[in-house]
Structure formats: structure tokens, C-alpha cells
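This report is an introduction for a reader who has not met the structure before. The sequence and the model are shown first, and a description follows.

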Amino acid sequence: MTGSASVNVELAIYPIDIVLRAAHAFTARCFVTPRITGEGLLTVDFTPRDANDSLDDVPGEFENALLDARLRATIAAETQMIRELIVAQAFCEADLLDRRDSESDEYTDPRGIAR
Amino acid sequence: MTYRLLPFRFLRFDDARTLVVNETGEHHFLRNDDFERFVQRELPDDSDLLLDLKAKHFLFDSESLAPFELLAAKYRTKKAFLDGFTSLHIFVVSLRCEHSCHYCQVSRVSSDRTRYDMTEETATRSLDLAFRSPAPRLKIEIQGGEPLLHFDRVRQLIIEGRRRADEARREIEFVVTTNLALLDDEMLAFFHEHGVFLSTSLDGPAALHDANRPRPGNDSHSRMTTNLRRAREVLGHDRVAALMTTTRLSLQSPREIVDEYVRLGFTSMFLRPLSPYGFALRSAGTTGYAMRDFLNFYVAALDEIIDRNANGTFLIESYAQLLLTRIFTPFATGYVDLQSPAGAGIGAVVYNYDGDVYASDESRMLAEMGDTRFRLGNVHRDTYESIFGGDTLRTIVAASVAESIPGCADCAFLPWCGADPVHNYATTGDLLPHVPTSDFHEKNFFIIKHLLSLYERDADTRRIFWSWIRNEAPQAEAVA
């Protein structure tokens, strides 16, 4: 398709949640379609929202975004416990327990966010 | 010596530099190669950069240990807007207004329809709720429509509010938001007696202001400037502040608008885009524009304001002041849209003329347009507990924690930014934003990055920005 672009991603290098995080930022400019195209292989297709928009720079930008997304995930995982300790210490005097959350699961939507 | 990382986010700021921002909002610019060495734990023990990053809490080592308590104290300070709960209580005493501004967020009705006035009982019950708030300092903002069209209710709220505050030994402050056109000597004397602040509107020079803000006689600017002078004489110069709203007409006149604020002696101005509510939405075809157009206007107007300051005129751009305070100080600011979670309902609340309670003025706008999703309850039918502890407000708060919003969670600007679920809902139908296409994100990301670029540019701009943060005219010597 004219103006579209595709990038193949090795899932052994970039887990799928990393790929989707990196792709999300491109959704202002493109329609983004991830497809499994082989064992351990994902192909991400980019189609411009504006038909006149050339996507020549998108593959390179996306590959850099993958690297940054992976680095962010690594830093987040490495520092997660410290982050939680900081927040817990900051609010230790407040009762933050909301029983509805602890008594439900991810399907019940107790706060009605999806309504 | 090896070091460990503390939580932070990063942004490829430009081709050469990466910006790192930690959980409490401290930041540092690194050359890209230094950033790679930093995250790969390859910075030498004696490097200045390692010491800088250690001092700003981006890393710790066996000598410094993890400064949890200090970081927690800083984090708590940044989130101090949560302490005390709702402090700003907005009373819509009437929807009537004698202006017919194209962009009006209030969706005014004509000035002779008294059914849109707040009753004495509704005002009393609303005050009952306001004084249930645990906030140590209450701010009562009285608006409309045009509140001076229903001055009896203004008087009641201020007298009764003051009496209750005195009895409870609580601090209280009153602000009346008015176009000033109907201000008379009796009102001024009353405001003076009770230490009331006035907040008014000024869109620019007469031709622009009157085009944006039509009223019978087409004399909005003339009345505003005349009564501004009288109000300053009676109340004091700094007791009257002004806001401007940017219409399509405004976009071509950043210099003229700044000139008008300087000419009238204001020391601050707030460059605001149109909001997607009320008449602003209905007249979007004639007054509206893309966010990119507003941002171009913002940059031009901000340049003008910085130039005026460089030439000795102290003039603050209020949105920049808010953001700079968040970026360069440890303190929280009280602006509801620059908080996570947002301040709707938990920082500010609106009591409508009919007793309905809304999480924000924007929530009330939506209700006027037929969508009551963000109505928290009614002062005549509901309790404080059901209004402020109910599912509607809990849903708004849960949807406005930027730390959990896709696109915001990884953003380096998160500690300085916020969320606006009501705006998201009004523009997309979803409480959560689609960040890549969100105009809220576009505005804040662009302005924060622009302010950082300006701050890095030269010492004069840094000196001016610090004078805005301190809210005082700049000192003679430059701040490095």
C-alpha cells in the first residue's frame, strides 16, 4: 500500500507488551496493526492516517522507540520495589485501603471505570 | 563502586540530550552518550555527573544507601494538594448574564429569567456542605452567569460564610468572578468590608475584547476598564485579577493583548485556550481553532511577555508560573488539571444554582448540555458522605491517576503534569485519554518542553522565570 510501512520484530528480543507500548505512541500519526507472522516473529504494519503523509522515517523511529521502551521496562522493573516503598512511606499515615478492590478481580470493574 | 538506580523516567529531549526526571520531579539533562553510560552503570566513581545524579536522587550506592525517607517526604510534598481534601468551593448564584460571549463556558441564559437564580435555602445548604470539608483553609468562589445580577445571594454567601468561619476559627477567602460591568459603589463598599478578591475577564484591546464579549451597548471593555480603576481604588490594586480567553480573533494579536495587560497595570495574565463546553462548543465553527494554532499563539505571547520583563516590566504568565513552580520547586500547586489524581471534586467542587453538585465547572457545563454523568448529588437530597464518598467521584479520581494512564505512565513530564477526565470525556466520550491524539497532552507536553528549552537558553530567561516562581519582580543580578 502506498505510504505504508512495516517492521519485523523478534519477540525473543522485545516481548509483546514492549512492542505494543512502543507502537502506541505512533497511533496519532498511523493506524498500527501488529500481526504474528512466524514463530517468535511479529510484524507491525503502519498505515498513515493522512494519505499524503510519507512514513519513510517511521521504521527507524519505531526501532529506536522499541529500544527505549525496553529500557523503560527494565528500569521500571529494577526500581519497582523502591518506587512502591517511597509511595507507601509517603502515605503511611493515610488509610488507603479500599475494600472493594481487595474483594474483587480484574473482571468486575468495581469502580465503574469502563462504564 | 557500583551504584543502583532509583525510579526515574526519561525523554529523548533533542538529538543530543536526554532528560531524566525522577519520581519527585527533580530533573537533569544528560548528553546521550552519558545517559547510556549512566544506565549501564559505567559512570566513574569520581565523575561530576555521578555526583550530580546522586545528589538529585537518580542513583544510590553503598555510601549513600537508598534515601527512602527523604524521597518519601519529597513525594508527600508534591502530593500535598491531597491533604485536607476539597478547599475550593464554587457557587453558581445565577446563570443569568447580560453579556453574550461567543465562547462562554457558562451557557448563560438571558438576564430576566430569575428561575436560574440560586435560592437562599440552596445557598445555606451548600454552605453546610462546604463547611463539612476538612480543608483547613476554605476558598469560596462566587460566579455565574454574572453573579452581580443576583447580589443578594452574593451578600448572603459572604456574610454567612464569614460568620461560620469565625465561629469555627477557620480561614476563609472570598473571590467573586465578575465581568465588572454592573459593579456599583454599594457592592464595592461591601467587598471592601469583607476583604473580597475580584476575578474578571480581559481579552485584549477594546476592539478584540468587545468582539469576543458582546453586551447591549457594545461597551464591555469601556465598563470593565472604568470599573477596574474604581475597584482598585477601593479594594487595592492587587485585589483584582484578570483572565483572558483565546478566540480565533485573538490568534493574530499576541503583542496587542500583552500591551493591553501592561497598559492596565496587571502583573499577571493567564493565556487560556477555549474549552470544549457550553457556547464554546456550539460556536466552535466561528471561534474555534486547532490546538497547534493556540500553541503558536502561546509561544508568540510568551515571547512578548518575556521581552517586557527583560525591559523592566514585571508581568507573569500564570500557566507558565504554575508549571515552572512544579518543575523547579518541591511544592504542589493547586491547579486541578495539573494534579494526579485530578482535583475535580477533591480539590474543587461546584454548587449549581439549583442545588446540584458537580466535580468541576466543566462537569456542570456538560450537565447544561444534557449529560449529567459528573453530577455528584444535590444539596437538598444527598448527604456530604454520599456526595464526596460516592461512586461518581471515586470513578473520576480513579480515572485521573496519570501514573496508571497509558502514554502518561512512561512520560518523563508526569511528575509535573496531570489529568483531566472530564475534558477527556467531553472530547472523546472516554474518561481515559488516548494520549497520542489528546489535545490536553499536546498542550502540556509542548508547553513544558518549551519552558525547559527557554530556561536552558540563557541566564536572563532563568532570572525572569525565577521571579515568576517567587512572584516578585526580578532582582538585579542574574540567577545562574
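The sections below treat confidence, the sheets of chain B, the contact with chain A, a hairpin in chain A, and some backbone features.

## Confidence in the model

The structure is a predicted model. For the complex, the predictor reports an ipTM of 0.84 together with a pTM of 0.91. Chain B has a mean pLDDT of 92, with 94% of its residues at 70 or more. Where pLDDT is low, the coordinates of a prediction should not be read in detail.

## The nine-stranded sheet of chain B

Chain B contains an open sheet of 9 strands with mixed pairing, in the order E12-E10-E9-E8-E7-E6-E14-E15-E16. The edges are formed by strand E12 (271–272) and strand E16 (375–378) of chain B; each has a single partner strand, so one side of each lacks a neighbour in the sheet. In general, the strands of a sheet pair through backbone hydrogen bonds, in either the parallel or the antiparallel sense.

Both senses can be followed in this sheet. Towards one edge, strand E9 (residues 197–201) of chain B pairs with strand E10 (residues 240–245) of chain B in the parallel sense over 4 bridges, and Ser201(B) stands opposite Leu243(B) in E10(B). E10(B) in turn pairs with E12(B), again in the parallel sense, over 2 bridges; there Thr245(B) has Arg272(B) in E12(B) as its bridge partner. At the other edge, strand E15 (residues 356–358) of chain B runs antiparallel to E16(B), and 3 bridges join the two. Within this pair, Val357(B) is opposite Gly377(B) in E16(B).

## Helices packed on the sheet

Helix H4 (residues 120–130) of chain B packs on this sheet and touches strand E6 (88–92), strand E7 (137–143), strand E14 (348–351) and E15 of chain B. The direction of H4(B) makes about 170° with that of E6(B). Helix H14 (residues 361–368) of chain B also packs on the sheet, in contact with E6, E7, E14 and E15 of chain B. For H14(B), the angle with the direction of E15(B) is about 125°.

## The three-stranded sheet of chain B

Another open sheet of chain B has 3 strands in the order E2-E3-E4, with antiparallel pairing. Its edge strands are E2 and strand E4 (27–31) of chain B, each of which pairs on one side only. On average, neighbouring strands in this sheet are turned by 25° against each other, direction ignored.

Strand E3 (residues 17–22) of chain B and E4(B) run antiparallel and are joined by 5 bridges. Arg17(B) has Arg31(B) in E4(B) as its bridge partner.

## Contact between chain B and chain A

At the interface, 35 residues of chain B are in contact with 26 residues of chain A. The two chains bury about 2800 Å² between them, and 62% of this area lies on carbon and sulfur atoms. There are 4 salt bridges between chain B and chain A. One of them links Arg21(A) to Asp410(B), with the closest N and O atoms 2.9 Å apart. The two chains also have 8 residue pairs in polar contact, both residues being at pLDDT 80 or more.

Which elements of chain B give two or more residues to the side that touches chain A? They are strand E1 (3–5), strand E2 (8–12), helix H1 (32–39), helix H3 (68–78) and helix H16 (391–398) of chain B. The largest share, 6 residues, comes from H3(B).

## A hairpin in chain A

In chain A, strand E2 (residues 30–38) and strand E3 (residues 41–48) pair in the antiparallel sense over 8 bridges. E2(A) and E3(A) form a hairpin with 2 residues between them. Gly38(A) stands opposite Leu41(A) in E3(A), and Gly40(A) in the turn has a positive phi of about 70°.

## Backbone features in loops of chain B

Most peptide bonds are trans, and most residues other than glycine have a negative phi. In chain B, a cis peptide bond joins Gly144(B) and Gly145(B), with omega about 20°; Gly145(B) is in the loop between E7 and helix H5 (151–168) of chain B. Ser340(B) and Pro341(B) are also joined by a cis peptide bond, with omega about 0°. Pro341(B) is placed in the loop between helix H13 (318–328) and E14 of chain B.

Phe85(B), a residue other than glycine, has a positive phi near 65°. Phe85(B) is found in the loop between H3 and E6 of chain B.

Methods
Residues numbered from 1 in each chain as written. Chains lettered and ligands numbered in written order. Predicted model: local features only at pLDDT ≥ 70, side-chain atom pairs only at ≥ 80, totals over all residues. Heavy atoms only, no water. pLDDT = per-residue confidence, 0-100. Pairing = 2+ DSSP bridges. Contact = heavy atoms within 4.5 Å. Axes fitted to C-alpha atoms, helices over the stretch in contact; angles between N-to-C directions. Buried area = accessible area lost by both parts, 1.4 Å probe. Salt bridge = Lys/Arg side-chain N within 4 Å of Asp/Glu carboxyl O. Polar contact = N/O pair within 3.5 Å; in protein donor to acceptor, adjacent residues only side chain to side chain.
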